[in-house]
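Student: I would like to go through this structure and ask how its labels are justified.
Tutor: Then look at it beforehand.

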Amino acid sequence: MMTHPAPTQASRNNRTMKAAVFAEPGRIVLEEKPIPRVGPRDALLRVTTTTICGTDVHILKGEYPVARGLTIGHEPVGVIAELGEAVSGYEVGQRVLAGAITPCGQCHPCLDGHQAQCGGKAMGGWRLGNTIDGCQAEYVLIPDAMANLAPIPDHLTDEQVLMCPDIMSTGFGGAESGRIRIGDTVAVFAQGPIGLCATVGAKLMGATRIFAVDALPERLAMARSLGADVTINYKERDPVQAILEATDGRGVDVAIEALGTQATFESCLRVLKPGGVLSSLGVYSGKLTLPLDAFAAGLGDHKIITTLCPGGKERMRRLMNVLASTRADLRPLVTHRFTLDRIEEAYDLFASQRDGVLKVAITP
Ligand SMILES: [Zn+2]
Ligand SMILES: [Zn+2]
C-alpha cells in the first residue's frame, strides 16, 4: 500500500489560481479563484494538460445552463497535489487523469452499471465543469478520488492520453453500445473528435466496412487515416443514397450518430438495416422527431441506444491500455496548443472550427 504525506492544505488555503469561468452567455473569462479545499474523499490535481469540448461551447453560448462563476472543463490530465484523509492507494506527485464523468462508485446507479447516471438523475455522473468546478484551471478538485483517479503509464505523454477523459471514452462508447460484430458494416455520421473516435472504435470492434460522413474535407481525410473505408462529403453527395447504394439497399448493421441534430439522427435511421442499431452520442436541443417511414412504423426491430461518456478509473485504465498497445493513436486529434492564459483565444478558434481545428491542448 502506498502512503502519502500529510495534507498541505493550510499552505494552499490562501492561495489563488487562474481558472476559466462562465461569466455570462457569450463570455468565458480567465479569473483568479481560491485553490479548492480538499475534502476527505477528494484529490487536488495540478492540471498539466486539458482541453475544450464541444459541450463547453454550448455552455459558452448559453445553450447549456451552468452557474455563473463556475470553472469550465471536464477533461483533466495532471499530477496529484494533495489527497483527502480518506484516500489511500495514491501518492502526491503521481501522474493521473480522471474521466469527464466522475461517478461515486457507491450509489445504486453506479453499482447497477450506470456510472454516468450516478446519483440517479440523468447525467448525474457529469460533475466537473457542470455541477462543480471543472479543470480549465491550474488546479481541480476530483471528487471520490478512489473511484476516479487513473494513473498514467510513464511512457504515455499528456497529449497521448488527452482524449481519454471524454472524447475517446464517448466515441468508443458509441461503438461498444452499438454492439458491433466482426464483419459489420457501420456508418458514422459526423467526424468531429467524437465521431472520429467512434470510427476508430468501430474498427477496433471488428467492423470491416466503415462509412464516415462529414462536410469538412480535412475531417474526412482524418477519418480515412484513422480507419474509415469510405468517406462521404454530404455537401457533394446525399449520404443516405450513397450508403444504401453501396450496400445494395441492405443498409448498415450499426449507425452511429455523433453530432446531435435531427438531420444526422434521421439519416442514421434511414441507412440502418431492419434489426440494426442506432447508437446515438449527440447532445440534442429543441425537438427530436422520429420519421415513421424510416422507423418502419415501429415494427423494424430497430434498436436505439444512447451513451453518455463512460467514466471512472477502470474505464480510463482500459482506454490507456488501448493507447499503450499502439492499437490506436489519437495524437493527430490535437491540432492546436495554447497556454491557459490564452484560453479565450482557444475558445474562439475551437468554436469557429477554423484552421482545421479538432482538439486544442491547454497547458496551465
Ligand atoms: Zn466533453
Ligand atoms: Zn454513484
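The questions below take up the metal site, the cysteines and the domains of this predicted model.

Student: How do you know that C104, C107, C110 and C118 coordinate the zinc ion (ligand 2)?
Tutor: The SG atoms of C104, C107, C110 and C118 lie at 2.3 to 2.4 Å from the zinc ion (ligand 2). A donor has to be within 2.8 Å of the metal, so these atoms count as donors. Along the sequence the donor residues follow the spacing C-x2-C-x2-C-x7-C.

Student: What makes the arrangement around the zinc ion (ligand 2) tetrahedral?
Tutor: The angles between its four donor atoms are 103 to 119 degrees. Four donors are called tetrahedral if all angles lie between 85 and 135 degrees, so the term applies here.

Student: How many disulfides does a search of the whole structure find?
Tutor: The search finds zero disulfides.

Student: What is a disulfide?
Tutor: A covalent bond between the sulfur atoms of two cysteines.

Student: Why is there no bond between C164 and C197?
Tutor: The closest cysteine sulfur to that of C164 is in C197, at 9.1 Å, which is too far for a bond. For C197, in turn, the closest cysteine sulfur is in C164. A disulfide needs the two sulfur atoms within 2.5 Å, so this pair does not qualify.

Student: Why is C164 called buried?
Tutor: Its relative accessibility is 0%. Buried means under 20%, so C164 meets the definition. C197 is buried as well, because its relative accessible area is 0%. Among the zinc donors, C104 and C107 are both buried.

Student: Which parts of the chain form the domains?
Tutor: Domain 1 covers 9-163 + 330-363, and domain 2 covers 168-306. The contact involves nine residues of domain 1 and twelve residues of domain 2.

Student: What is the interface of domain 1 and domain 2 made of?
Tutor: The two domains bury about 960 Å² between them, with 75% of it on carbon and sulfur atoms. L330, L333 and L358 supply 49% of the area that domain 1 buries against domain 2. Zero salt bridges are found across this interface.

Terms used
Residues numbered from 1 in each chain as written. Chains lettered and ligands numbered in written order. Predicted model: local features only at pLDDT ≥ 70, side-chain atom pairs only at ≥ 80, totals over all residues. Heavy atoms only, no water. Donors = N, O, S within 2.8 Å, 3.2 Å for Na, K, Ca; no water. Tetrahedral: all angles 85-135°; square planar, octahedral: opposite > 155°, others 65-115°. Buried < 20%, exposed > 50% of the residue type's maximum accessible area, 1.4 Å probe, protein only. Domains from an automatic or database assignment. Contact = heavy atoms within 4.5 Å. Buried area = accessible area lost by both parts, 1.4 Å probe. Salt bridge = Lys/Arg side-chain N within 4 Å of Asp/Glu carboxyl O.
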